[in-house]
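Here are my notes on the model you sent. They are set out as numbered points, to be read next to the structure.

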Amino acid sequence: MEPTTLSKYVKDMRKQYNLTQVELSEKSGVGLRFVRELEQGKQTLRLDKVNQILNLFGNEVGAVPISKEDEP
């Protein structure tokens with residue numbers, strides 16, 4: 001699995017708040033395996049669980065418009 005922007009963000013924020021993966025798991029209410037898979041860039045993840053983690057950092061997953069420059 002290759003790290004993604006989301007996985008890098010979560011890992012960076014976890015480290016910024018001095019949390020271990022276990023602590024992040026406990027504080028967000030998701031399993032440790034989920035935290036590990038998210039940080040490793042797993043391609044299929046439940047958005048509700050992703051949002052449980054992101055909510056700790058004041059964010060959530062949402063629709064983002066694609067700029068014309070990003071289109072193939």
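**Notes on the model**

1. The rings of Tyr-9, Tyr-17 and Phe-57 are linked by ring pairs into a cluster. The model is a predicted one, and the values in these notes are computed from it. The structure holds two aromatic pairs. One of them joins Tyr-9 and Phe-57 edge-to-face, with 6.5 Å centre to centre and 85 degrees between the planes. Because Tyr-9 lies in helix H1 and Phe-57 in the segment after H4, this pair ties together parts that are 48 residues apart in sequence.

2. Which residue of the first pair is buried, and which is partly exposed? Phe-57 counts as buried, since its relative accessible area is 10%. Tyr-9 is partly exposed, with a relative accessibility of 29%. For this reading, the cut-off for buried is under 20% relative accessible area, and exposed means over 50%.

3. Phe-57 also pairs with Tyr-17. This pair is tilted, at 5.4 Å centre to centre and 35 degrees between the planes. Tyr-17 sits in the loop between H1 and H2 and Phe-57 in the segment after H4, so the parts tied together here are 40 residues apart in sequence. Tyr-17 has a relative accessible area of 46% and is therefore partly exposed.

4. Next, the overall layout. The chain has four helices and zero strands, and along the sequence the pattern reads α-α-α-α. The C-alpha trace spans about 40 × 25 × 20 Å along its principal axes. Of the 72 residues in the chain, 28% are buried. Taking contacts between residues at least 6 apart in sequence, 50% join residues at least 24 apart.

5. On surface and charge: the accessible surface of the chain is about 5,300 Å², and carbon and sulfur atoms account for 50% of that. There are 11 positive and 11 negative side chains. The centres of these two sets lie 7 Å apart.

6. Helix H2 covers residues 21-28, and its buried residues are Leu-24, Ser-25 and Ser-28. Why do these residues fall on the same side of H2? They cover an arc of only 100 degrees around the axis, and that puts them on the same side of the helix. The face turned away from the buried side of H2 carries Glu-26 and Lys-27, which are exposed.

7. What covers the buried residues of H2? The cover includes helix H1 (5-16), helix H3 (32-39) and helix H4 (47-56). After H2 comes Gly-29, with a positive phi near 80 degrees.

8. Two residues of helix H1 are worth reading together: Leu-6 and Ser-7. Leu-6 is partly exposed, because its relative accessibility is 29%. Ser-7 has a relative accessible area of 1% and is therefore buried.

9. The contacts of these two can be listed without counting residues up to four places away in sequence. On that basis Leu-6 touches Leu-38, Val-50 and Leu-54. Ser-7, leaving aside neighbours within four places in sequence, is in contact with Leu-38, Glu-39 and Gly-41. Leu-38 thus appears in the contact lists of Leu-6 and Ser-7. As for distance, the C-alpha atoms of Leu-6 and Lys-27 are 19 Å apart in space, while the two residues are 21 apart in sequence.

10. Phe-34 is in helix H3. Is Phe-34 buried or exposed? With a relative accessibility of 9%, Phe-34 counts as buried. Not counting residues up to four places away in sequence, Phe-34 touches Leu-45, Arg-46, Lys-49, Val-50 and Ile-53. Val-50 is thus a contact of Phe-34 and of Leu-6. Between Phe-34 and Asn-55, which are 21 residues apart along the chain, the C-alpha separation is 15 Å.

Conventions. Residues are numbered from 1 along each chain as its sequence is written. This is a predicted model: local features need pLDDT of at least 70, side-chain atom pairs count only at pLDDT 80 or more; totals for chains, interfaces and linings use all residues. Side-chain values use heavy atoms; hydrogens and water are left out. Buried means under 20% relative accessible area, exposed over 50%, partly exposed in between (1.4 Å probe, protein chains only). The arc is that of the directions from the helix axis to the C-beta atoms. Contact means heavy atoms within 4.5 Å. Rings of Phe, Tyr and Trp (its six-membered ring) pair if their centres lie within 6.5 Å; planes under 30 degrees apart count as stacked, over 60 as edge-to-face and the rest as tilted. Accessible areas come from the Shrake-Rupley method with a 1.4 Å probe; for residues, only the protein chains shown count as cover. Lys and Arg count as positive and Asp and Glu as negative; His and the chain ends are not counted. The place of a charge is taken as NZ of Lys, CZ of Arg, CG of Asp or CD of Glu.
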